[in-house]
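Student: I'm new to this structure and would like a close look at one part of it. Could you walk me through how some of its helices pack?

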Amino acid sequence: MIIAIDGPAGSGKSTIAKLTAVRLGFAYLDTGAMYRAITIRALEDGLDPEDTQAAWAIVEIAQAALISFGYTEGEALPTQVFIDGRDVTFEIRTPLADRYVSAVSALPAVRAALSKQQRRLGAERDTVMEGRDIGTVVFPHAELKVFLTASPQERARRRAQQNVKRGVDQTDEAVILAEIMRRDAYDSSREVAPLAMASDAILLDTTELTIDEVVDRIAVLVNEKRT
């Protein structure tokens with residue numbers, strides 16, 4: 001069974017997907033981490049993801065790179081992200097990655113390269129995937145599609161709290177809000193795989209919900225699909 005969780009930046013997709021996987025005993029595949037890993041490699045190679053002249057070089061990285069996840073023995077959730085064997089777990093969650101990942105993920109050939117890996121991994125076992133086009137492009141026939149959202153202000157507040165916990169310098173909610181709104185506009189208007197809710201997805205506005213309440217609702221939806 002595939003559970004596709006989509007939604008805009010800061011909507012809680014990663015947290016909810018991870019907890020849902022743990023609750024149900026599913027595998028968790030962090031698709032966003034894959035795009036972020038490519039972004040970090042591109043930046044390390046001196047490429048500007050927003051420069052169209054760099055597109056082909058970034059595509060070559062995505063087609064050649066091996067992205068993998070590290071797991072603690074006995075645990076269902078990955079604890080590390082690697083690109084060609086190098087640990088980039090911390091780097092992919094920095095404001096720098098936040099700034100450029102949308103430009104990288106908008107490249108059609110990059111999406112094609114990573115979507116192929118995602119489909120292969122998802123076919124191996126019951127899986128929870130999260131991103132922006134899992135239910136519309138990567139797994140359009142997923143058994144359950146959920147689209148998470150929340151107000152931009154709430155998403156900025158959550159991201160600021162996450163940055164504090166991670167030790168990331170950027171904790172100004174006004175700055176984070178501006179970046180979230182910029183990414184929303186970019187992701188929703190891009191020509192390839194834009195952020196959109198699948199016609200058969202279930203919308204969950206989490207602005208006033210706790211994390212546990214969201215996971216509870218998804219677990220109920222899974223049980224309904226299975227009966």
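Student: Are helix 4 and helix 8 roughly parallel or roughly antiparallel to each other?

Tutor: Happy to help! Keep in mind that this is a predicted model. The protein chain has an average pLDDT of 91, and 99% of the residues score at least 70. Confidence is highest in helix 3 (residues 55–64), at 97, and lowest in strand 3 (residues 67–71), where the mean is 85.

Now to your pair. Two packed helices are described by the distance between their axes and by the angle between those axes. Helix 4 covers residues 95–105 and helix 8 covers residues 173–189; their axes come within 10 Å and cross at roughly 5°. Angles under 35 degrees count as roughly parallel, so helix 4 and helix 8 are roughly parallel to each other. On the helix 4 side, the contact is made by Asp98, Arg99, Val101, Ser102 and Ala103, while helix 8 brings Glu179, Arg182, Arg183, Tyr186 and Asp187. Sorted by class, this contact has six charged residues, three nonpolar and one polar.

Helix 4 also packs with helix 2, and there the picture is another one. The axes of helix 2 and helix 4 are 9 Å apart, at an angle of about 105°. Helix 2 and helix 4 are therefore roughly perpendicular to each other. From helix 2, the residues in contact are Tyr35, Arg36, Ile38, Thr39, Ile40 and Leu43; from helix 4 they are Leu96, Ala97, Asp98, Tyr100, Val101, Val104 and Ser105. This contact has nine nonpolar residues, along with two polar and two charged. If you look for Asp98 and Val101 in the model, you will find them in the contact with helix 8 and also in the contact with helix 2.

Next, follow the chain on from helix 2 (31–44). In the loop between helix 2 and helix 3 sits Leu47. Leaving aside residues up to four places away in sequence, Leu47 touches Ala42, Ala54, Ala57, Ile58 and Ile61. Take Ile58 as one example: Leu47 and Ile58 are 11 residues apart in sequence, and their C-alpha atoms are 7.8 Å apart in space.

Finally, a stop away from these helices. Searching the whole structure turns up one cavity of 30 Å³ or more, with a volume of about 30 Å³. Its lining consists of Ala4, Asp6, Lys145, Val146, Phe147, Ala196, Met197, Ala198 and Ala201. Strand 1 (2–6) and strand 7 (144–149) each give at least two residues to that lining, and strand 7 supplies the largest share, three residues. By class, the lining has seven nonpolar residues, two charged and no polar ones.

Definitions and conventions. Residues are numbered from 1 along each chain as its sequence is written. This is a predicted model: local features need pLDDT of at least 70, side-chain atom pairs count only at pLDDT 80 or more; totals for chains, interfaces and linings use all residues. Side-chain values use heavy atoms; hydrogens and water are left out. pLDDT is the predictor's confidence in each residue, from 0 to 100. Helices (H or I, at least four residues) and strands (E, at least two) are DSSP runs, numbered from the N terminus. Axes are lines fitted to C-alpha atoms, for helices over the stretch in contact, and angles run from 0 to 180 degrees between N-to-C directions. Angles under 35 degrees count as roughly parallel, over 145 as roughly antiparallel, 65 to 115 as roughly perpendicular and the rest as oblique. Contact means heavy atoms within 4.5 Å. Ala, Val, Leu, Ile, Met, Phe, Trp, Tyr, Cys and Pro count as nonpolar, Asp, Glu, Lys and Arg as charged, and the others, Gly among them, as polar. On a 1 Å grid over the protein atoms alone, a cavity is a set of points where a 1.4 Å probe fits but cannot get out, and a pocket is an open set with protein on both sides within 12 Å along at least five of seven lines; lining residues have an atom within 4 Å of a point. Grid points are joined across faces, edges and corners, and a volume is the space filled by probe spheres set on the points.
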